[in-house]
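Subject: Structure handover and findings

Dear colleague,

Please find below the structure that I am passing on to you. My findings follow directly after it.

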Amino acid sequence: MMWKPLFFTVVNVIPVSCRILQANIYTKNKGVKRLSTLPLIITSEELDHWLQRSEEGEVLFCKHSTACPISAAAFDELQSFLQTEQKKRVDVAMVHVIENRDISNRITEHYNIKHESPQVLLIQKGKVLWHTSHWDITQDTLYQAVHNTL
């Protein structure tokens, strides 16, 4: 079966200065799956908000390519992680690396971590505690990283 493209809708959110990502994701074996809402960082001001938030607590930054099947698979794994109890211990925000390369580059520079896509970074009080990319982004690795690191 061929991978189908991802389709995203961005909507404004009143209380938080950030867009919310709603997506239909097409996966090889599961068909169309509705993704829960995630903050989508698209402006410098929104990134500043999330960088400040990461100084005060725990944030999981997800760098995602809308044109990559590996990113689509990682996105599906992220969705599964969001259904676990460990998700409550961390705030999650997403960056589309193609559409918002400047935002993605700022995260790379700020944390001095080599850019990859897909990529997740677990931040606590301004420090990268854990990061991984590509096929290593699974529900289990995300769960274990949050469970064992925080």
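The notes below go through the strands, the helices and a few residues with particular backbone or side-chain features.

Please bear in mind throughout that this is a predicted model.

Strands

Strand 5 (residues 58-64) pairs with strand 6 in the parallel sense, over 6 bridges. Within this pairing, Lys-63 has Val-95 of strand 6 as its bridge partner. Helix 2 (residues 69-82) completes a right-handed β-α-β unit together with strand 5 and strand 6. Strand 6 itself covers residues 91-96, and 5 of its 6 residues are buried, so the strand is largely enclosed by the rest of the structure.

Strand 5 also pairs with strand 7; these two run antiparallel and are joined by 6 bridges. Here the bridge partner of Leu-60 is Leu-122 in strand 7. Strand 7 is mostly covered as well, with 5 of its 6 residues buried. Strand 7 in turn is joined to strand 8 by 6 bridges, again in the antiparallel sense. In that pairing, Val-120 stands opposite Thr-132 of strand 8.

Helices

In helix 3 (residues 101-111), the buried residues are Ile-103, Ser-104, Ile-107, Thr-108 and Tyr-111. They cover an arc of only 140° around the axis, and therefore sit on the same side of helix 3. This pattern fits a general property of the α-helix: with 3.6 residues a turn, residues three or four places apart point the same way. The cover over the buried residues of helix 3 includes helix 1 (44-56), strand 5, strand 6, strand 7 and strand 8. Directly after helix 3 comes Asn-112, which has a positive phi near 55°.

Helix 4 (residues 139-149) has Leu-142, Ala-145 and Val-146 buried. Seen down the axis of helix 4, these residues fall within an arc of 90°, so they line one face of the helix. Among the elements that cover them are strand 5, helix 2, strand 7 (119-124) and strand 8 (127-133).

Leu-82 belongs to helix 2. With a relative accessible area of 12%, Leu-82 falls under the 20% cut-off and is therefore buried. Its C-alpha atom is separated by 8.9 Å from that of Val-92, which is 10 residues away along the chain.

Aromatic pair

The count of aromatic pairs comes to 1. Its members are Phe-61 and Tyr-111, whose ring centres are 6.1 Å apart and whose planes stand at 45°, so the pair is tilted. The pair links distant parts of the chain, since Phe-61 is in strand 5 and Tyr-111 in helix 3, 50 residues apart. Both Phe-61 and Tyr-111 are buried.

Backbone features

Most residues other than glycine have a negative phi, and most peptide bonds are trans. The residues below depart from one or the other of these patterns.

- The peptide bond from Ser-117 to Pro-118 is cis, with omega near 0°. Pro-118 is placed in the loop between helix 3 and strand 7.
- Lys-125 is not a glycine, yet has a positive phi of about 50°. Lys-125 is part of the hairpin of strand 7 and strand 8, which has 2 residues between the strands. With a relative accessibility of 52%, Lys-125 counts as exposed.
- His-134 also has a positive phi, near 50°, without being a glycine. His-134 lies in the loop between strand 8 and helix 4 and, at 28% relative accessibility, counts as partly exposed.

Surroundings of Ser-133

Ser-133 is found in strand 8. Its relative accessibility of 11% makes Ser-133 a buried residue. The side chain of Ser-133 forms a polar contact of 3.0 Å with the side chain of His-134. Leaving aside residues up to four places away in sequence, Ser-133 touches Glu-116, Pro-118 and Gln-119. One of these contacts, Pro-118, is the residue that follows the cis peptide bond from Ser-117. Ser-133 is thus a convenient starting point for inspection: His-134, with its positive phi, and Pro-118, with its cis bond, can both be viewed from there.

With kind regards

Notes:
Residues are numbered from 1 along each chain as its sequence is written. This is a predicted model: local features need pLDDT of at least 70, side-chain atom pairs count only at pLDDT 80 or more; totals for chains, interfaces and linings use all residues. Side-chain values use heavy atoms; hydrogens and water are left out. Buried means under 20% relative accessible area, exposed over 50%, partly exposed in between (1.4 Å probe, protein chains only). Helices (H or I, at least four residues) and strands (E, at least two) are DSSP runs, numbered from the N terminus. Two strands pair if DSSP finds at least two bridges between them. A crossover is right-handed if, with the strands pointing away from the viewer, the path from the first strand over the helix to the second runs clockwise. The arc is that of the directions from the helix axis to the C-beta atoms. Contact means heavy atoms within 4.5 Å. A polar contact is a pair of N or O atoms within 3.5 Å; within protein, one must be able to donate a hydrogen and the other to accept it, and residues adjacent in sequence count only if both atoms are side-chain atoms. Rings of Phe, Tyr and Trp (its six-membered ring) pair if their centres lie within 6.5 Å; planes under 30 degrees apart count as stacked, over 60 as edge-to-face and the rest as tilted.
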